[in-house]
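Open the model in your viewer and switch to a cartoon view. Keep the sequence panel beside it. We will go from one residue pair out to the whole sheet.

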Amino acid sequence: MMHEMKLNDDPFKRIKEGTKKVELRLNDEKRQLVKKGDLIEFTNRETLEKITTEVVDLYKYPSFAELYKHIDPLVMGYDAGDVVDPKDMEQYYNKEEEEKYGVVGIKLILKK
């Protein structure tokens, strides 16, 4: 199955260059449909460039705080030495949504 998602410029570039391997999302109704082996076409919100990735694993947790305890920050798109804080995700999702749906880390590989 092919899914479509939008990404801001920085995470889009990091997935494209292979340094970001896990995309973090709310595990809402749309993300609950994503399965291993599915494809995700990401569209860069700024440039409208598209890339296609394959889902190789899914990491489901009740909160971003729990997910951050188990996933290496470098594969989530952080740089070495960055201050890593699950509250970074509050710019995208509110606590009520997080509590309602839980969260998912989507491990990806770029399709050529």
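Select E54 and I109. This is a predicted model, and in it E54 stands opposite I109 of strand β5. Now extend the selection to residues 103-110, which make up β5. Strands β4 and β5 run antiparallel, and eight bridges join them.

Next, select residues 50-61. This is β4. Add residues 39-44, strand β3. How many bridges pair β3 with β4? Five, again in the antiparallel sense.

Zoom in on two residues of β3 and their partners. Pick E41 and look across to β4: its bridge partner there is T52. Then pick F42, which stands opposite I51 in β4.

Follow the chain between these two strands. β3 and β4 form a hairpin, with five residues between them. Stop at L48 in the turn and check its backbone: phi is positive, about 65°.

Now show every strand of the sheet. In what order do the five strands lie? Read across, they go β1-β3-β4-β5-β2. The sheet is open and its pairing is mixed.

Finish at the edges. Select residues 2-7 for β1 and 22-26 for β2. Each has a single partner strand, so one side of each lacks a neighbour in the sheet. Then look along the sheet from strand to strand: neighbouring strands are turned by 40° against each other on average, direction ignored.

How values were computed
Residues numbered from 1 in each chain as written. Predicted model: local features only at pLDDT ≥ 70, side-chain atom pairs only at ≥ 80, totals over all residues. Heavy atoms only, no water. Pairing = 2+ DSSP bridges. Helix = DSSP H or I, 4+ residues; strand = E, 2+ residues; numbered from the N terminus. Axes fitted to C-alpha atoms, helices over the stretch in contact; angles between N-to-C directions.
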